[in-house]
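Colleague: Before I use this model, I want the reasoning behind its labels. Take me through them one at a time.

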Amino acid sequence: MSDKPISPLRQRMIEDMAARRFKEKVQKDYVRHVRTFAAFLGRSPDTATKEDLRRFQLHLALQQISPGSINAAVTALRFFFTVTLERPDLVRPLTIVNKPRKAPVVLSQEEVALLLEAAPGLKYKAALSVAYGAGLRVSEVAHLKVSDIDSQRMTLRVEQGKGQRDRYVMLSPQLLELLRAWWKAARPRAWLFPGQNPVNPITARQLNRAVTAAKDLAGISKRVSPHTLRHSFATHLLEQDVDIRVIQVLLGHAKLETTALYTQVAVNTIRDVKSPLERLGVNLAKRKPPA
């Protein structure tokens with residue numbers, strides 16, 4: 001974690017996380033949140049009381065910290081007190097904060113085509129086409145391997161996606177043709193989209209920059225990121241009447257309610273629903289009001 005000596009308490013927490021195969025980034029985030037709590041407390045966190053935890057969450061709320069950041073701190077502290085200290089009774093005052101659910105930004109099919117055509121080079125055109133054509137998260141695109149392409153079954157294997165779950169997604173013929181063109185041009189060995197150092201995969205920052213450049217070149221005014229292509233994938237499938245449970249599996253969502261968010265922006269689906277007003281059987285525009 002750092003060059004400084006690690007306290008026995010922190011070492012135990014790190015070992016508890018390693019035993020559960022937490023990713024390195026998650027471990028660093030958990031340690032950081034516990035360290036922030038200790039700084040607020042002014043003493044070792046293993047001496048905290050329920051009241052201290054209640055005051056800390058109130059402190060975070062008064063600092064106008066985002067719900068996502070508060071929930072991350074709550075999750076880390078719950079782990080620390082429940083697993084490492086074996087004191088689950090202390091974390092009862094900690095509560096998850098509801099995050100406002102905003103409708104995602106979605107591109108039209110025409111805008112997606114313009115964006116992909118404007119991608120800066122074959123590598124980014126292929127990577128962004130995977131994000132849209134298979135509905136992958138940016139981290140999932142970055143960590144694809146050449147061996148994940150199955151041209152016989154026409155699938156892509158997503159290894160250890162969010163929640164450390166593997167899944168398979170569709171591989172369209174056009175996307176396969178594009179990926180073959182990219183492979184012939186660059187001959188990637190391990191990572192399908194290697195970074196500047198081929199030992200490492202392409203970074204999320206590189207993909208974000210590519211999307212921004214393509215958006216500007218295509219003249220798209222919407223706020224666009226690589227994740228927008230995933231949102232557009234799900235919305236366009238919903239508008240094509242693909243079952244929402246199938247879309248849930250393709251996206252790798254643990255909960256159907258997460259996938260259902262796209263019903264808010266599936267314009268064709270909303271437009272095709274017949275309002276009960278139409279079933280009244282009267283022309284209200286021509287009908288005279290009662291005297």
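Colleague: Which residues lie nearest the centre of the second largest pocket?
Modeller: This is a predicted model. In it, Leu116, Ser129, Tyr132, Gly133 and Gln174 lie nearest the centre of that pocket. The lining has 19 residues.

Colleague: What makes a residue part of the lining?
Modeller: An atom within 4 Å of a pocket point. For the second largest pocket, 19 residues line it. Helix 5, helix 6, helix 8 and helix 10 each give two or more of them. Helix 5 has the largest share, with 5 residues.

Colleague: What is the volume of the second largest pocket?
Modeller: About 530 Å³.

Colleague: How do the lining residues divide into nonpolar, polar and charged?
Modeller: There are 9 nonpolar, 7 polar and 3 charged residues. Gly counts as polar, so Gly133, one of those nearest the centre, goes with the polar group. Leu counts as nonpolar, so Leu116 goes with the nonpolar group.

Colleague: Why is His231 called buried?
Modeller: Buried means under 20% relative accessible area. His231 has 16% relative accessibility, so His231 counts as buried.

Colleague: Where is His231 found, and what does it touch?
Modeller: His231 is in helix 10. Leaving out residues up to four places away in sequence, His231 touches Pro104, Val105, Val106 and Tyr262. Touching here means heavy atoms within 4.5 Å.

Colleague: What makes a set of residues a nonpolar core?
Modeller: The members are buried residues of the nonpolar kinds listed for a core, such as Val, Leu and Phe, joined through side-chain atoms within 4.5 Å. The largest such core here has 47 residues. Val130, Leu136, Val141, Leu156, Leu179, Phe193 and Leu229 touch the most other members. Each of these is a core member, so each is buried.

Colleague: Which elements supply this core?
Modeller: Among those giving at least two residues are helix 5 (109-117), helix 8 (173-186), helix 10 (226-239) and strand 2 (155-158). The largest share, 7 residues, comes from helix 6.

Colleague: Which residues is Leu229 in contact with?
Modeller: Beyond its neighbours within four places in sequence, Leu229 is in contact with Leu107, Val112, Leu115, Leu128, Ala131 and Tyr132. Apart from the largest core lies another, of 23 residues, including Ile14 and Phe56.

Colleague: How much of the protein chain is buried?
Modeller: Buried residues make up 38% of the 291 residues. The chain has 13 helices and 3 strands.

Note on methods
Residues numbered from 1 in each chain as written. Predicted model: local features only at pLDDT ≥ 70, side-chain atom pairs only at ≥ 80, totals over all residues. Heavy atoms only, no water. Helix = DSSP H or I, 4+ residues; strand = E, 2+ residues; numbered from the N terminus. Buried < 20%, exposed > 50% of the residue type's maximum accessible area, 1.4 Å probe, protein only. 1 Å grid on protein atoms, 1.4 Å probe; cavity = no way out; pocket = protein on both sides within 12 Å on 5 of 7 lines; lining within 4 Å. Points joined across faces, edges and corners; volume = space filled by probe spheres on them.
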